[in-house]
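Please open the structure in your viewer and keep a selection box ready. The tour moves from one selection to the next and says what is there each time.

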Amino acid sequence: MLLSIFVGILSGFAVSYSTEHYTSDAAKPTRDLAQSSETGTATLMIGGLSLGMKSTAGPILAVSIAAIISYIASGGFAGDPNAGLYGIGLAAVAMLATNAIILATDAFGPVADNAGGIAEMSKLPPEVRERTDALDSLGNTTAATGKGFAISSTAFTALALLAAYVNEANTSLGRLGKEELDLSLTNPSVLIGLFLGAALTFVFAAFCISGVHKAAQSVVIEVRRQFKEITGLMEGTADADYAKCVDICTVNAQKEMIAPSILAVLAPIVVGMVLGAAGVVGMLGGVIATGFTMAIFMLNSGGAWDNAKKFIEAGNHGGKGTDNHKAAVVGDTVGDPLKDTAGPSFNILITLAATVSIVFVGIATRFSLIDIFRNISF
C-alpha cells in the first residue's frame, strides 16, 4: 500500500515536470515555437499543435506506469482484483495530497495576469508592465501545471469509478438472474460504446469552444458599435461602456454551457438504454482515454502559444509590434479557449459521466434495446 502512495505522489511530480518542460518560455519547446513566428502565423499554429500532441506522451506514461505498479503492489495480479483497484485509488488520493500547493500555483497565474492588466490601464511606468509580464509568463506555466495535474488525478479517479460501475452492474445483473458483463472488444456493445465515448469527447469540446467563439463575436460587435457611436472614445477622451461587455461575457458563459452540461448527463443514460451496461463501460473507457489525451493536448498547446507571445514581447524575435508578435497574438487567441475553457472542462466531463453512469446503472441492466434485439429472430 505504501508503494501505491509513493508512486501516486511521484506520478504527480512527473506530470508537473512534463507540463513545465513544454509550456515554460525558459524551455526549448516554447522557444522553438516562438522561433517559428519568423516564418508566419501558419507555421506558429502548426508548431503549437505539434507541441501539444507530443506533450501528451509524458503524463499518460506517468499515470499508466503508476496505475500498473499500484495495482501489482496491492495484489491485483495475486488473485484479488478489488485490492488492486484499491491500490489505484490510493495512488489517486496520494496524487491529490499535494492539492493545496497545486491550487496555490494555479491561482498565481490569474493574479499576475490581472496585475499586468491593472498596470497597463493605470498607465504605470513601462518597467512595471515588464515585471508583471515576467510574472504572468511564470503564471501561465504554473496554471498549465495545475490543470495538467488536475486532469491526471481525474483520470486516476475515473479508473476506480469505472471499476465501481462494473462491480455494481454485475451485482445488479446477478439479482436479475442475468449473466455478468461481457467486456471483450468483440462484444459490439463495448466496441460501439468506445466509439461513442470518443465522439462524446470531441462534441463536448466543440460545444465549449463554440461558446467562446460566439461570446467573442458578440464582444467584437459591441466594441465596434461603441467606437462608432460614442464620441471621443477613439481619441481617449470618453469612457467606454465596460459594463455592457462584461454583461455579454457573463450571459454567454452561462447560456453556452447548458448544452455541454446536458450532453454529459444524458449520454451515459441514453447509451445504457440502447447498448446496455457493457456499452456504458465502453463509453466510459472512450471518454477517459480520449478526454485525458485531449485535455493535455489543449492545455499545453494553449500554454505554449501564450508563453511564446510573452517571450517575443520580452524583446526576442523583434519584440512587440512586429509581424512575429502579431503571429504570436493569433496563436495566443486560439490557445485561450483551449487552455482556459475546453481543456479544464474535461475534468467535469469524465467525473460527471462516470458518476451519472453509477447512479443510473439500474436502468442499463434492466432495460436496453440491444437486449430486446438479441431475443428477436429475423
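Begin by selecting Asp306, which counts as buried because its relative accessibility is 6%, where buried means under 20% relative accessible area, exposed over 50% and partly exposed in between, with a 1.4 Å probe and protein chains only as cover. Asp306 is found in helix H10, and, leaving aside its neighbours within four places in sequence, it is in contact with Asn140, Asp332, Asp336 and Lys339, contact meaning heavy atoms within 4.5 Å.

Before going further, note that this is a predicted model, in which local features need pLDDT of at least 70 and side-chain atom pairs count only at pLDDT 80 or more, while totals for chains, interfaces and linings use all residues. Residues are numbered from 1 along each chain as its sequence is written, and side-chain values use heavy atoms, with hydrogens and water left out.

**Helix H10**

Now widen the selection to residues 258-313, which form H10; helices (H or I, at least four residues) and strands (E, at least two) are DSSP runs, numbered from the N terminus. This helix has 56 residues, yet its end C-alpha atoms are only 37 Å apart, short of the 82 Å that a straight helix would reach, the expected span being 1.5 Å times one less than the number of residues. Where does H10 bend? Centre the view on Leu275, where H10 bends by about 130°, the bend being the angle between axes fitted to the seven residues ending there and the seven starting there. H10 is largely enclosed by the rest of the structure, because 42 of its 56 residues are buried. Just after H10, select Gly315, which takes a positive phi of about 110°.

**The nonpolar core**

Next, select Phe156, Tyr165, Leu284, Met298 and Phe346, which are the residues with the most contacts inside the largest nonpolar core, a set of 65 residues. A nonpolar core is a set of buried Ala, Val, Leu, Ile, Met, Phe, Trp, Tyr and Cys residues joined through side-chain atoms within 4.5 Å. The largest share of this core, 23 residues, comes from H10. In soluble globular proteins, nonpolar side chains tend to be buried together. Keep Phe156 selected and show what surrounds it: not counting residues up to four places away in sequence, Phe156 touches Ser11, Val63, Ala66, Ala67, Ile88, Ala91, Ala92 and Met95.

**The aromatic pair**

How many aromatic pairs does the structure hold? It holds 1, where rings of Phe, Tyr and Trp (its six-membered ring) pair if their centres lie within 6.5 Å, and planes under 30 degrees apart count as stacked, over 60 as edge-to-face and the rest as tilted. Select Phe204 and Phe346, whose ring centres are 6.2 Å apart and whose planes stand at 45°, so the pair is tilted. The two rings link distant parts of the chain, with Phe204 in helix H8 (residues 188-229) and Phe346 in helix H11 (residues 323-359), 142 residues apart. Phe204 is buried, with a relative accessible area of 6%, and Phe346 is also buried, at 0%.

**Helix H6 and two loops**

Move to helix H6 (99-121), which is followed by a loop leading to helix H7 (126-175). H6 has 23 residues and reaches 34 Å from its first C-alpha to its last, close to the 33 Å expected. Its buried residues are Ile102, Gly109, Ala112, Gly116 and Ala119, and what covers them includes H7. In the loop between H6 and H7, select Lys123, which is exposed, with a relative accessible area of 75%, and whose phi is near 55°, a positive value in a residue other than glycine. Most residues other than glycine have a negative phi. For another such case, select His317 in the loop between H10 and H11, which has a positive phi of about 55° although it is not a glycine.

**The whole chain**

Finally, zoom out to the full chain, which has 13 helices and 0 strands and whose C-alpha atoms fill a box of roughly 80 × 45 × 35 Å, taken along the principal axes. Buried residues make up 46% of its 378 residues. Among contacts between residues at least 6 apart in sequence, 79% join residues at least 24 apart.
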